[in-house]
Amino acid sequence: MKIERVLKKSELFSGLSDTAEKKLEAAGRIVKAPQGMMIFLEGEKGSLFYLLMEGSVRLFKSAPDGREITLKLMSPGEIFGEVILFEQDRYPASATAVSDSSLFAIDRASFNTLLDGQDFRTEFISIIMKKQRYLVERILYLTALDVEERFFRFLLEHYGRKEAYEIPISKKDLASAIGTIPETLSRLIQRLSKRNIIRWEGSRLELADGFWEAQEYD
């Protein structure tokens, strides 16, 4: 996928003029991240932030008990690692490629030069505010919904309404993404399977006929 197309669809850069877009392209570079590659580690010092062009990236933190807590599964057009621009020079979370991915990497010094333009700076501040609102909504999501509802909402948000899915992430990562532990997710899958609501073999997940029609999920 061409960088121009991703930039125009991204949250941060979609409103840029053609001139500004070309300056941004010149300031960054494309990086290939094969499945399983660690892009950066929590606490690691860095100067790059990223725009996901293709593939999927998981952001996660390490809990005191050793568990990995997924913060978000990134989709093409989203940025991550941008905290190193202003707040600190170390990444507060880790990022790894869930599938073969293509990234547009931008250096902090180069981007700060672009921020000298007022219009560019205003737009960037706007997207940071949007990400803060996402984190607030995430907290409400985890506290207000039970695990089963979070599971089905995850399917809706990431894959849409289907009768069958190919799930590209492990059950461990899925558990983290919906704010639970693998053991709890396993028990949920067992309950749903016994009720003939789902059938999960390998990476293929099938739902009972007419499941979505009977639900009230938005």
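Let me start with a definition: buried means under 20% relative accessible area, exposed means over 50%, and partly exposed is what lies in between, with a 1.4 Å probe and protein chains only. Two housekeeping points, then. This is a predicted model, where local features need pLDDT of at least 70, side-chain atom pairs count only at pLDDT 80 or more, and totals for chains, interfaces and linings use all residues. Residues are numbered from 1 along each chain as its sequence is written, and side-chain values use heavy atoms, with hydrogens and water left out.

Now, the sheet. Helices (H or I, at least four residues) and strands (E, at least two) are DSSP runs, numbered from the N terminus, and two strands pair if DSSP finds at least two bridges between them. What we have here is an open sheet of three strands in the order 9-11-10, paired antiparallel. At the edges sit strand 9 (164-166) and strand 10 (198-201), each pairing on one side only. From one strand to the next, the twist averages 15°; axes are lines fitted to C-alpha atoms, for helices over the stretch in contact, and angles run from 0 to 180 degrees between N-to-C directions.

Who packs on this sheet? Helix 5 (residues 147-159) does, touching strand 9, strand 10 and strand 11, where contact means heavy atoms within 4.5 Å. The direction of helix 5 makes about 110° with that of strand 11.

Let's look at strand 11 itself, residues 204-207, which pairs with strand 9 over three bridges. Glu206 in strand 11 is the bridge partner of Ala164. Glu206 also forms a salt bridge with Arg204, with the closest N and O atoms 2.9 Å apart. By salt bridge I mean a side-chain nitrogen of Lys or Arg within 4 Å of a carboxyl oxygen of Asp or Glu. Glu206 counts as partly exposed because its relative accessibility is 29%, and Arg204, at 37%, is partly exposed too.

The structure holds ten salt bridges, so let me pick out a few more. Over in strand 10, take Arg199 and Glu201: their closest N and O atoms are 3.1 Å apart. Back in helix 5, Glu149 and Arg153 lie four residues apart, about one turn of the helix, and their salt bridge has its closest N and O atoms 3.0 Å apart. There is also a network of salt bridges linking Arg58, Glu68 and Asp173.

One last residue for you: Asn196, in the loop between helix 7 (182-194) and strand 10. Asn196 has a positive phi of about 60°, although it is not a glycine, and at 62% relative accessibility it counts as exposed.
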